[in-house]
Amino acid sequence: MLNILGIGAGYVGGPTMAVIADKCPEHKVTVVDINAEKIAAWNSDHLPIFEPGLDALIERVRGRNLFFSTEIDEEIRKADLIFVSVNTPTKTYGQGAGLAADLMYWEKTARQIRANATGPKIVIEKSTVPVRTAVAMERILNEKDSPIHFDVLSCPEFLAEGTAIRDLEVPDRVLIGGRHDTDSGREAMKKLSDIFRHWVPEERIIHSNIWSAELSKLASNAFLAQRVSSINAISAICEKTEADINEVSRAIGLDQRIGPHFLKSSVGFGGSCFKKDLLNLVYLCQFYGLEEAAEYWMWVVKFNDHQMNRFVDRILKKMFNTINGKRIVLFGFAFKANTGDTRESPAIYVTKRLLEERAEVVVTDPRALDNARRDLEGMPVTFAEDPYEAVRGAHAIAVMTEWDLYRDLDYQRIYDVMEKPAFVFDGRNILDHKGLYEMGYHVFPIGKKA
Ligand code: NAD
Ligand code: UGA
């Protein structure tokens, strides 16, 4: 039996450690966090995050071999393997401000591990970090003359929110980066692989050096984000011509070399990681003097900002260049469907711009209203649980999140209570545009000439 510790009980730490506990019943898994409120929530019936399948999973393993605690020092002492999933936000101060990853939480954790460890441990990077972080952590942990040896591995997490449990249970791959050149490095990689072997097929557990594993994570997010910005750039051309972005996406996605995923044009990508990791990659390129590579990746971020701006510009233009006093309802506030997470959600940006134009903004979302209230604190925005209530007297609906719920609403009923002309701006292209048009709506999808 191993004592496995997860430090950081957030969107990654919570679900990841829960799946490990579920699949490895002989091991004891503990998750700790400095945020006592969050730990209390993990120990309650109201988990701190929403993820499909998470409630049932926690119900199954909590108290069996999964425990949530705030006793960080004590749990470090007991642990054989430590997964670190603390946050690595963009630095807001000093060198690299606005681009580099802030490793403050990671380094603090490493020092806390060193201070409390009484025996050797394997420390695993789950957080997304710049290349060479593991080596820096090795140096912090393996202080000169220290009798305790630490192995540091990189095992980046690739889960996406909204599908986290499925992604963890059936991952495309598990990537383990470590030191092949030392006995203890090889032994550490084997120990970690043995955990994943409980449920992940051998051929999907791949190994690399530490630096490649760290860079693969940044590169993977950069490629995914780049696809979204690329298709969104094509959507801009569609809006000027008779081309239809859905038809274009389908046609190019059927090329096996391109593939169908991440070709959905939208109001823009959001989430806590794409922008942060792209900026981190840009900083790395700049740090190594690779200006052209830095610019290349920076454009993915810039185009995303442009896409969000285009969306609001279009609302303004189509609504006769003034939305002052007009009621605009945002359908969805989460950065994607099936999550309550609103970090870097395009809805935040769109709301701010609509308020600048003095629109009256109403926000509705089935899971993200609490986070939306926090994000928009102090701003003159109305929140509504019920979309039918939200649209009463509205001039326009802007679809921000692709919740199924919004596909299935009774749009005739909605039309009847809206101001006329009634506008729909579909930032996710999920609605039946032709049907809405026939009802009398003025409909503006992404990537279609209206
Ligand atoms: P999060 O903010 O939800 O969770 C991080 C947790 O770490 C917080 O609860 C925080 O209180 C805790 N923490 C910070 N410092 C600590 C310390 N010293 N000791 C104990 N706990 C501490 O963040 P997240 O979304 O889970 O992301 C964590 C990391 O995983 C980031 O590096 C992110 O880039 C990466 N990642 C995130 C996702 C995702 O979908 N959210 C997916 C893959 C990778
Ligand atoms: C993303 C990656 O998909 C994960 O592999 C990665 O582990 C994670 O970032 C991370 O490192 O945090 P996530 O941000 O949770 O996961 O969600 P995605 O499904 O990637 O969506 C990101 C954003 O892109 C969302 O706003 C989504 O609506 C948007 N998107 C996605 C599009 O606009 N079009 C698409 O075709 C796909």
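Here are four short exercises, each with a worked solution, on the predicted model shown above.

**Exercise 1.** Decide whether Ser 127 is buried or exposed, and find which residues Ser 127 touches.

*Solution.* Start by locating the residue: Ser 127 sits in the loop between strand E5 (121-125) and helix H6 (133-141). Next, look at its accessibility. A residue is called buried when its relative accessible area is under 20%. Ser 127 has 8% relative accessibility, so it counts as buried. Now list its neighbours, leaving out residues up to four places away in sequence: Ser 127 touches Val 84, Ser 85, Val 86, Thr 88 and Trp 106. With Trp 106 there is also a polar contact of 3.2 Å between the two side chains.

**Exercise 2.** Describe the surroundings of ligand 1: which residues come nearest, and how much of the ligand does the protein cover?

*Solution.* Begin with the shell. There are 26 residues around ligand 1, and Asp 33, Lys 38, Thr 88, Glu 161 and Lys 276 come nearest. Sorted by class, the shell holds 9 nonpolar, 10 polar and 7 charged residues. Then check some atom pairs. Lys 38 places a polar side-chain atom 2.7 Å from an oxygen atom of ligand 1. For Glu 161, a polar side-chain atom is 2.8 Å from a nitrogen atom of the ligand. Finally, turn to the area: on its own, ligand 1 has 830 Å² of accessible area, and the protein covers 93% of it.

**Exercise 3.** Do the same for ligand 2, and find which helix gives the largest share of its shell.

*Solution.* Of the 20 residues around ligand 2, those that come nearest are Phe 158, Leu 159, Ser 266, Cys 273 and Arg 428. The classes here are 11 nonpolar, 3 polar and 6 charged residues. Helix H9 (residues 210-240) provides the largest share, 4 residues. For the atom pairs, try Lys 217 and Asn 221. A polar side-chain atom of Lys 217 is 2.8 Å from an oxygen atom of ligand 2, and a polar side-chain atom of Asn 221 also lies 2.8 Å from an oxygen atom of this ligand. The protein covers 90% of the 690 Å² of accessible area that ligand 2 has on its own.

**Exercise 4.** Find which members of the largest nonpolar core touch the most other members.

*Solution.* The largest nonpolar core has 42 residues, and the ones to pick out are Ile 20, Leu 66, Ile 176, Leu 192 and Phe 196. Take Leu 192 and follow its contacts, not counting residues up to four places away in sequence: they include Leu 81, Phe 83, Ile 124 and Ile 176. To finish, look for a second, separate core: it has 29 residues, among them Ala 347, Leu 376, Val 381 and Phe 425.

Note on methods. Residues numbered from 1 in each chain as written. Chains lettered and ligands numbered in written order. Predicted model: local features only at pLDDT ≥ 70, side-chain atom pairs only at ≥ 80, totals over all residues. Heavy atoms only, no water. Near = heavy atom within 4 Å. Polar contact = N/O pair within 3.5 Å; in protein donor to acceptor, adjacent residues only side chain to side chain. Areas by Shrake-Rupley, 256 points an atom, 1.4 Å probe, with all protein chains shown as cover. Helix = DSSP H or I, 4+ residues; strand = E, 2+ residues; numbered from the N terminus. Nonpolar A, V, L, I, M, F, W, Y, C, P; charged D, E, K, R; others polar. Core = buried A, V, L, I, M, F, W, Y, C linked by side-chain atoms within 4.5 Å. Buried < 20%, exposed > 50% of the residue type's maximum accessible area, 1.4 Å probe, protein only. Contact = heavy atoms within 4.5 Å.
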